[in-house]
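Dear colleague,

Please find below the structure that I am handing over to you. I should be grateful if you would look through it before reading the notes that come after it.

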Amino acid sequence: MTSKLSGPVVCPGSFDPVTLGHLDIFHRASKQFEKVVIAVLQNPAKSNLFSVEERIELLVDATADLSNIEVTSFEGLLVDFCKRKNITAIVKGLRAVSDFDYELQMAQLNHQIGGVETFFMSSNPTYSFLSSSMAKEVAKYGGSVDLLVPTNVAAALSRKFS
Ligand code: ADP
C-alpha cells in the first residue's frame, strides 16, 4: 500500500544559524517522510548574522549524514514555494506554549490560502529553551556553544565574533 505521506515536506525558517534543536527536528522528520526540504527564508527586512548562502552551507554540512534532505532558499509566501515544489505539508518544531499561538495562526493561514497542512513535532526537551538568537548571544560574549549548535556552526560563530 502506498503511504499518503510519501511526498516531500518542508521545514521552513531563518536558521540564522542552524541549532541542535533544528537538527533534532530534521533527523526525526527524515525518518517519517520520504524527503525533507529545508527552506531558508530570504527576508531582506530581517537583519541576519549569516547570509543566506552561509546559512545554506552550514545546513548542508550539518545534515550531510541524512540522505533524504535537500537544502534550498525561498522568498515570498511559503505556500507559493510549496506549490512550485509540489509540497503539500510543512513540518515545524514546537518548543513551548509560547510558540503555539503564532504557529497555530500560521498553520491555519497556510491551510486557508494554500491548502498546505502543517505537522507539529514536540521539541526534544533538551532543546526546548534553544533558539538561534540565544546561541548567537552566548557566542557574542565568548561563551561555549558546544551544547547548542553543531561543530561547524560553533566554528562559524567564533569566526564571526573573533
Ligand atoms: P524563525 O522562522 O522564527 O526565524 P527559526 O529559523 O529559528 O525560526 O526556526 C525555524 C523553525 O524551527 C521554528 O519555526 C520552529 O518550528 C523550529 N525550531 C526552532 N528552534 C527549535 C528547537 N530548539 N527545537 C525544535 N524546533 C525548533
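The notes below describe the ligand, the pocket and one loop in turn. Please bear in mind throughout that this is a predicted model.

The ligand and its surroundings

The ligand has 16 residues around it, and those that come nearest are Ser14, Phe15, Lys92, Gly93 and Tyr127. Two of these five also appear among the polar contacts. Lys92 places a polar side-chain atom 2.9 Å from an oxygen atom of the ligand. Gly93 takes part through its backbone, where a polar atom is 2.7 Å from an oxygen atom of the ligand. A further contact involves Leu130, whose backbone has a polar atom 2.9 Å from a nitrogen atom of the ligand. On its own, the ligand has 540 Å² of accessible area, and the protein covers 83% of this.

Three elements give two or more residues to the shell around the ligand: strand S1 (8–13), helix H1 (20–32) and strand S4 (89–94). The largest share comes from H1, which gives 3 residues. By class, the shell consists of 7 polar, 5 nonpolar and 4 charged residues.

The largest pocket

Where does the ligand sit with respect to the pockets? The space that the ligand takes is the largest pocket. The volume of this pocket is about 1,100 Å³, and 45 residues line it. Nearest its centre lie Pro12, Gly13, Ser14, Lys92 and Glu103.

The elements that give two or more residues to the lining of this pocket are S1, H1, helix H3 (78–84), S4, helix H4 (97–114) and helix H5 (132–140). Which of them gives the most to the lining? That element is H4, with 9 residues, whereas H1 gives the most to the shell around the ligand. The lining comprises 19 nonpolar, 18 polar and 8 charged residues.

The loop between S1 and H1

Two features of the backbone deserve your attention here. As background, most residues other than glycine have a negative phi, and most peptide bonds are trans. Phe15, which lies in the loop between S1 and H1, has a positive phi, near 50 degrees. Phe15 is also one of the residues that come nearest to the ligand. Pro17 is found in the loop between S1 and H1 as well. The peptide bond that joins Asp16 and Pro17 is cis, with omega at about 0 degrees.

With kind regards

Key:
Residues are numbered from 1 along each chain as its sequence is written. This is a predicted model: local features need pLDDT of at least 70, side-chain atom pairs count only at pLDDT 80 or more; totals for chains, interfaces and linings use all residues. Side-chain values use heavy atoms; hydrogens and water are left out. A residue is near a molecule or strand if one of its heavy atoms lies within 4 Å of it. A polar contact is a pair of N or O atoms within 3.5 Å; within protein, one must be able to donate a hydrogen and the other to accept it, and residues adjacent in sequence count only if both atoms are side-chain atoms. Accessible areas come from the Shrake-Rupley method with a 1.4 Å probe; for residues, only the protein chains shown count as cover. On a 1 Å grid over the protein atoms alone, a cavity is a set of points where a 1.4 Å probe fits but cannot get out, and a pocket is an open set with protein on both sides within 12 Å along at least five of seven lines; lining residues have an atom within 4 Å of a point. A molecule sits in a cavity or pocket if more than half of its atoms lie within 2 Å of its grid points. Helices (H or I, at least four residues) and strands (E, at least two) are DSSP runs, numbered from the N terminus. Ala, Val, Leu, Ile, Met, Phe, Trp, Tyr, Cys and Pro count as nonpolar, Asp, Glu, Lys and Arg as charged, and the others, Gly among them, as polar. Grid points are joined across faces, edges and corners, and a volume is the space filled by probe spheres set on the points.
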